[in-house]
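Subject: Handing over the structure

Hello,

Here is the structure I promised to pass on to you. Please open it alongside this email, and then read on for what turned up in it.

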Amino acid sequence: MSTPTLPPRVRAWRTLPLLVLLVACGEVEDVPEPIVRPVRLVVASTGDGAAARSFSGMAQAGESSRLSFRVAGRISSVEVNVGDRVEEGQLVARLDDADYDLQVREARANAASARATLRNAQAQYRRIRELYENNNASRSDLDNARAQSDGAQMQLASAGQRVQLLERQVAYTRLEAPAAGVISSVDAEDNENVQAGTPIVTLQSGSQLQVDIGVPESLIQRVSRGNAARVTFEALGGATFEGSVFEVGVSTGQNRAAYPVTVRLPEDASENVRPGMAAEVELTFEAEEGDPTLRLPSSAVGEDRQGRFVFVVESAEDGFGTVRRRGVTLGELNSQGIAILEGVEDGERGVTAGVARSTDGLRVRVPGGAG
């Protein structure tokens, strides 16, 4: 029995899935490898050891100055933009100095007139003095001539001071950087009328960067100047710097629920870290007495339909690890974190940032390259 011959169109449709499969197989080879992202970890520990807490902050220079003009006027030009690095004495902005220049010219003319008046008064005084010495002028004439000479001299001195004052005001129409640094904000535009003291730009200066964070009242008593701080910048691929607490606030200030704490970064951090970068600061606190419970920060605990869980990282020697999901039973929450009654062992490292994006078996990079 002979096999029926199919029409060419039918044969073409039968071979189409095979072609699609071959093309798809060829494209699989070009699929890029998945990105291995870093995660932030904290070691699960009992109250008999130290506890770590993380706080969000922003990097900024050691000194921050809001630069402004010392005189009022119309801005003719702003010479910098946000992010520009400036040197000491560099022009930042300028005012239209036409009115001030006219005032200087007028003051100089008045000073010249006062100088001419003084010369005449001094000449008159000399003539009267000679006449008085020859008994051809009275004592009152001499006294009047001397008074006019002295008055003219005082008017010239006042006119000279007026010229100096107006010349300084002309110089004040130029806003220059008082120190080298980075422009973090520009608060004015060209052709804008400003008053004296109106902030024009903000300059971040100083060789050592710092990060400001807020610490709640339950922990502020355990923070002291000189305490070690671990600062991580996600914008730099999770780069971590060892800093120290430089200042501890004594009040929360207005509309704030936390005490300000300043962490100073090492000097070499300024090579990569720029003011304005978001930072995560980890402080280590001595454990409270009488608390042997295993604890983790509340940010390490997630919850879904299957219940509450924690992602722990099993580390490898090459600086990478694998995320494992652990169902947990929780206890009470205190200043050291939330109690983990079941599901995590002492010394295991839990993920504190990126829990929502983590999955069981996900390969991640361990901060600092630690295995």
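Which side chain meets that of Arg308 in a salt bridge? The partner is Glu303, with a distance of 3.8 Å from N to O. Before going further, please keep in mind that this is a predicted model.

**Salt bridges**

Arg308 counts as partly exposed because its relative accessible area is 43%. Glu303 has a relative accessible area of 58%, so this residue counts as exposed; the cut-off for that class is over 50%.

The pair just described belongs to a wider set: a search of the whole structure finds 10 salt bridges. Two others may help you find your way around.

One of them is formed by the side chains of Arg325 and Asp304, at 2.8 Å from N to O. This pair ties together distant parts of the chain, since Arg325 sits in strand β17 (residues 320-327) and Asp304 in strand β15 (residues 301-304), 21 residues apart. Arg325 is partly exposed, with 28% relative accessibility, and Asp304 is partly exposed too, with 34%.

Another salt bridge joins Asp143 to Arg139, where the closest N and O atoms are 3.7 Å apart. Here both residues lie in helix α3 (residues 139-172), and they are 4 residues apart, about one turn of the helix. Asp143 has a relative accessibility of 34% and so counts as partly exposed. Arg139 also falls in the partly exposed class, at 45%.

**An open sheet**

Now for the strands. In what order do the 4 strands of the open sheet come? The order is β6-β5-β3-β8, and the pairing is antiparallel. The strands at the edges are β6 (174-176) and β8, each of which pairs on one side only.

If you would like to trace the sheet residue by residue, β3 is a good place to begin. Strand β3 (residues 73-78) and strand β5 (residues 91-95) run antiparallel and are joined by 3 bridges. Across from Ser77 you will find Arg94 of β5, while Ile75 has Leu95 of β5 as its bridge partner.

β3 is also joined to β8, by 2 bridges, and these two strands run antiparallel as well. Gly73 has Val194 in β8 as its bridge partner. The two residues are 121 residues apart along the chain, yet their C-alpha atoms are separated by 5.8 Å.

Is Val194, in strand β8, buried or exposed? Val194 is buried, because its relative accessible area is 5% and the cut-off for buried is under 20%.

**A charged patch**

There is one more feature to look up on the surface. Which residues form a negative surface patch? They are Glu79, Glu189, Asp190 and Glu192. Of these, Glu192 is found in the loop between β7 (181-186) and β8 (193-194), so you can reach this residue from the edge strand β8 described above. Glu192 counts as partly exposed because its relative accessibility is 32%, and membership of a patch calls for over 30%.

If you want a short route through the structure, you could begin with Arg308 and Glu303, go on to Asp143 and Arg139 in helix α3, then follow the sheet from β6 to β8 and finish at the negative patch that includes Glu192.

Enjoy looking around, and do write back with any questions.

Best wishes

Definitions and conventions: Residues numbered from 1 in each chain as written. Predicted model: local features only at pLDDT ≥ 70, side-chain atom pairs only at ≥ 80, totals over all residues. Heavy atoms only, no water. Patch = residues over 30% accessible without salt bridge, like charges linked within 9 Å, V, L, I, M, F, W, Y side chains within 5 Å. Areas by Shrake-Rupley, 256 points an atom, 1.4 Å probe, with all protein chains shown as cover. Salt bridge = Lys/Arg side-chain N within 4 Å of Asp/Glu carboxyl O. Lys, Arg positive; Asp, Glu negative; His and termini not counted. Charge placed at Lys NZ, Arg CZ, Asp CG, Glu CD. Buried < 20%, exposed > 50% of the residue type's maximum accessible area, 1.4 Å probe, protein only. Pairing = 2+ DSSP bridges.
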